[in-house]
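Please open the structure in a viewer and keep the sequence panel visible. This tour proposes a series of selections and describes what is found at each stop.

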Amino acid sequence: MIIGSSHGVGGGKTETEVLSVVCAQLEPIHAANMEEVNRNIDKIIEYMEIGARGFPGYDLFVSPEFAVQGMHPIQRRNVILTLDSPEVQRLRDACARLQVWGIFSVILALEGHREPGNCAIMINDRGEVVHQYCKMNPWIPTERHYPGWECPVTPGPKGSRIATIVCADGDYPEIWREAAYNGANVIVRITHYMNPWEEAWKLTNRCAAYCNQVYVVGCNCYGVEHACAAFGNSMIVNPDGNVITEAPMMVPYMLKADLYPGLVDKLRESSAINSFLYSFRHRGASCCDLGGRGQTKNQYRAYDFGGEEQ
């Protein structure tokens, strides 16, 4: 099999399980109280159920940034949750009942910090929270959330290893590479991405998929709200940077794609042309001076702050 390269992957037959992903493009209420939060959760669960009817047997449901609480410009602190909140329990119950995995955006209280974290959580098909990521790159100067400290990768269904990133994270190439370097074969980007950055949205998702040879699931909300318009255009991108499927602008929508996580794993084992993660770890591997293994020491200054304030 050839993915964006003149060389076949693995030189022979490659078998992999199929990961069926459903992505929901919806318009959240920017909640000022828990009643409005629960109305948002009602909508998310409705989309999960529609997915079960329209795409029976799907594995993973993805909803956008702020889909649970929105991002009210004044009263956002009224709706901060914890993983023990009954609102999160509703999502856990829905995943268990429908027997699907789910990725959700939740603004969570962080122990020891005044500001909450803009988090993505993943719930498995038994209703257990198995993954939590706190947005590492909050949008400066607008977003006051506490910045996250790591990019975890969690085993998911059908051989997937899933990393989540949140909205503005995806404007920084480092977070995509960190996720891929940590072993992700699927990166889920949940967003409230707004105009006038429609072209940047397409560019960053496609470049990240290609440069890191990973599936990218970009789930965006839509709607005109207090300060901007989130435009939708959710998309799922192949490891070669080509869009598999995408949603239109500014409408409610659901899209579904079948992904092959094992193909990404096989690709990274190879030293063939365009195996970027291999080349990143083994620079100059074709040079005879380096014994066919290449330079394995990280010599990129951009990835080593050295503890010094810039």
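## First stop: Tyr58

Select Tyr58 and display its surroundings: leaving aside residues up to four places away in sequence, Tyr58 touches Ser20, Val22, Met48, Gly51, Ala52 and Val100. The model on the screen is a predicted one. Tyr58 belongs to the loop that lies between helix 1 (34-54) and strand 2 (60-62). Is Tyr58 buried or exposed? Its relative accessibility is 3%, and buried means under 20%, so Tyr58 counts as buried. Next, add Val100 to the selection. Tyr58 and Val100 are 42 residues apart along the chain, yet 7.1 Å separates their C-alpha atoms.

## The whole chain

Now zoom out and show the chain as a cartoon. Six helices and 14 strands can be found in the chain. The radius of gyration is 20 Å, close to the 19 Å that the globule rule gives for 310 residues, so the chain is as compact as a globular protein of that length. Along the principal axes, the C-alpha trace spans about 65 × 50 × 35 Å.

Colouring by accessibility gives a further view. Of the 310 residues in the chain, 51% are buried. The chain exposes about 14,300 Å², and carbon and sulfur atoms supply 50% of that area. Among contacts with a separation of 6 or more, 65% are between residues 24 or more positions apart.

## One sheet: order 5-4-3-2-1-14

Select the six strands that form an open sheet in the order 5-4-3-2-1-14, where the pairing is mixed. Which strands stand at the edges? They are strand 5 (129-134) and strand 14 (253-259), each of which pairs on one side only. From one strand to the next, the twist averages 25 degrees.

Within this sheet, select strand 3 (residues 101-108) and strand 4 (residues 117-123). These two strands run antiparallel and are joined by seven bridges. To see one position across the pair, pick Phe104, which stands opposite Ile121 in strand 4. Then show helix 2 (residues 86-98), which packs on the sheet and touches strand 3, strand 4 and strand 5. The direction of helix 2 makes about 175 degrees with that of strand 3.

Remain with strand 4 and show its side chains. How many of its residues are buried? Seven of the seven residues in strand 4 are buried, and the strand is mostly covered. One side carries Gly117, Cys119, Ile121 and Ile123, while the other carries Asn118, Ala120 and Met122; these residues are all buried, and both faces of strand 4 are thus covered.

Move on to the neighbour of strand 4 at the edge. Strand 4 and strand 5 run antiparallel, with five bridges joining them. Here Met122 stands opposite His131 in strand 5. The hairpin of these two strands has five residues between them, and in this hairpin Gly127 takes a positive phi near 85 degrees.

## Another sheet: order 6-7-8-9-12-13

Select the open sheet of six strands whose order is 6-7-8-9-12-13, with mixed pairing. Strand 6 and strand 13 (243-246) are at its edges; each has a single partner strand, so one side of each is left without a neighbour in the sheet.

Begin with strand 6 (residues 154-155) and strand 7, which run antiparallel and are joined by two bridges. Thr154 has Ile162 in strand 7 as its bridge partner. Five residues lie between the strands in the hairpin of strand 6 and strand 7, where Lys158 takes a positive phi near 60 degrees.

Now centre the view on strand 7 (residues 161-166). Five of its six residues are buried, so strand 7 is largely enclosed by the rest of the structure. Strand 7 also pairs with strand 8 (residues 186-191), in the parallel sense and over five bridges. One position to select in this pair is Val166, whose bridge partner in strand 8 is Ile190.

Add helix 3 (residues 173-181) to the view. Together, strand 7, helix 3 and strand 8 make a right-handed β-α-β unit.

For the last selection, show strand 9 (residues 215-220) beside strand 8. Strand 8 and strand 9 run parallel, joined by six bridges. Arg189 has Gly218 in strand 9 as its bridge partner. Helix 3 packs on the sheet, touching strand 7, strand 8 and strand 9, and its direction makes about 145 degrees with that of strand 8.

Terms used: Residues are numbered from 1 along each chain as its sequence is written. This is a predicted model: local features need pLDDT of at least 70, side-chain atom pairs count only at pLDDT 80 or more; totals for chains, interfaces and linings use all residues. Side-chain values use heavy atoms; hydrogens and water are left out. Two strands pair if DSSP finds at least two bridges between them. Helices (H or I, at least four residues) and strands (E, at least two) are DSSP runs, numbered from the N terminus. Axes are lines fitted to C-alpha atoms, for helices over the stretch in contact, and angles run from 0 to 180 degrees between N-to-C directions. Contact means heavy atoms within 4.5 Å. The radius of gyration is taken over C-alpha atoms; the globule rule is 2.2 Å times the number of residues to the power 0.38. Buried means under 20% relative accessible area, exposed over 50%, partly exposed in between (1.4 Å probe, protein chains only). Accessible areas come from the Shrake-Rupley method with a 1.4 Å probe; for residues, only the protein chains shown count as cover. A crossover is right-handed if, with the strands pointing away from the viewer, the path from the first strand over the helix to the second runs clockwise.
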